[in-house]
Amino acid sequence: MTDGFKGKEVQKQERTLVMFSGGIDSTATLWFVLNSVEKYGQVHVHHIHIQNAEGRWHAEAQAVSAVLDYMRKYAPAPFTYSESAISTPSFDKKFLYDMEIISFMTGYMTSRDPSITKVILGATGTDYAMGSTRAVAQSKASHNAFHPDVDDHSGKVKEFPLKDLTKQQVYDTLPLELARLTWSCRRPVRVNGKFVECGICKTCTQELRGIIRTALPTGGAV
């Protein structure tokens, strides 16, 4: 992990942890949090390089770097940042859900750093409409395993500030130049040395297809 996360050595001031992937939802969520500093206070951002059979982590890493550079320059509030990496094998083309990995990390980080009193995640009304009951239950268990003496610690600290917005509404909250920097496709392909959306993964076909992305260049990263 890099600058910002120091376990039990951190200051006693309450902090907000924002889990960040570089996609539309987490970028809009981070932008919202940094524009609501009176509610969220000191902000720490964490990205997980999820290395699995989808092979998207290089494209996500580029987006994360670009988005955070933009945020450092234009967001109204500062933040600290850390990152981690996890490589997950696949079994019969199945591997850990992102939500399980993220919740494992939020459970770990909150158990080691008691100053983190809020955990902010990017999820939209579109995501809720698609349904993910099993994944939600597994994610809660992953987080709560680090807090065995607390009744549903996950439910107490996690917030989804954009959960009532559709994917289009979430996209529209972002400045256009920031939206262009994000990446959401789960199976990127390389064309002339650049990552482009596959057009066939679940994200491309179910979540991004209906979004009006104003003036984006061909193969633009969203």
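**Salt bridges, strands and buried residues**

In this predicted model, the side chains of D69 and R72 meet in a salt bridge, with 3.4 Å from N to O. Both residues belong to helix α3 and sit three residues apart, which is about one turn of the helix. A general point about helices helps here: an α-helix has 3.6 residues a turn, so residues three or four places apart point the same way. As for exposure, D69 has a relative accessibility of 47% and therefore counts as partly exposed, because the buried class ends under 20% and the exposed class begins over 50%. R72, at 48% relative accessibility, is likewise partly exposed.

The pair in α3 belongs to a longer list, as the count for the model comes to ten salt bridges. In general, side chains of opposite charge can pair when their charged atoms come close. Another of these pairs is formed by D113 and R15, whose side chains meet at 2.5 Å, N to O. Where do D113 and R15 lie? D113 is in the loop between α4 (98–112) and β4 (116–120), while R15 is in strand β1, so the pair ties together parts that are 98 residues apart in sequence. Are these two residues buried or exposed? D113 has a relative accessibility of 0% and counts as buried. R15 is buried as well, with a relative accessible area of 4%.

A further salt bridge joins R56 to E60, and their closest N and O atoms are 2.7 Å apart. Both R56 and E60 are buried. These two residues also take part in something wider: E54, R56, E60, D98 and R186 are linked in a network of salt bridges.

The strands come next. Strand β1 covers residues 15–19 and contains T16. T16 is buried, because its relative accessible area is 1% and the cut-off for buried is under 20%. Which residues touch T16, leaving aside its neighbours within four places in sequence? The contacts are Y40, Q42, V43, H44, K118 and I120. Q42 appears again in the pairing of strands, as the bridge partner of R15 in β2. Altogether, β1 and β2 run parallel and are joined by five bridges.

Strand β2 spans residues 42–51 and is mostly covered, with eight of its ten residues buried. On to the next strand: β2 pairs with β3 (residues 80–87) in the parallel sense, over eight bridges. One example is Q51, whose bridge partner in β3 is S87. Helix α3 (residues 57–74), which holds the D69 and R72 pair, also has a place in this arrangement, since β2, α3 and β3 make a right-handed β-α-β unit.

Helix α1 (residues 24–34) offers another view of burial. Ten of its eleven residues are buried, so the helix is largely enclosed by the rest of the structure. The buried residues are I24, D25, S26, T27, A28, T29, L30, W31, V33 and L34.

The surface has its own features. Y97, M99 and V136 form a nonpolar patch there, and together they have about 250 Å² of accessible area. V136 is found in helix α6, which covers residues 133–144. With a relative accessibility of 34%, V136 counts as partly exposed.

Notes
Residues numbered from 1 in each chain as written. Predicted model: local features only at pLDDT ≥ 70, side-chain atom pairs only at ≥ 80, totals over all residues. Heavy atoms only, no water. Helix = DSSP H or I, 4+ residues; strand = E, 2+ residues; numbered from the N terminus. Buried < 20%, exposed > 50% of the residue type's maximum accessible area, 1.4 Å probe, protein only. Contact = heavy atoms within 4.5 Å. Pairing = 2+ DSSP bridges. Right-handed = clockwise from strand over helix to strand, strands pointing away. Salt bridge = Lys/Arg side-chain N within 4 Å of Asp/Glu carboxyl O. Patch = residues over 30% accessible without salt bridge, like charges linked within 9 Å, V, L, I, M, F, W, Y side chains within 5 Å. Areas by Shrake-Rupley, 256 points an atom, 1.4 Å probe, with all protein chains shown as cover.
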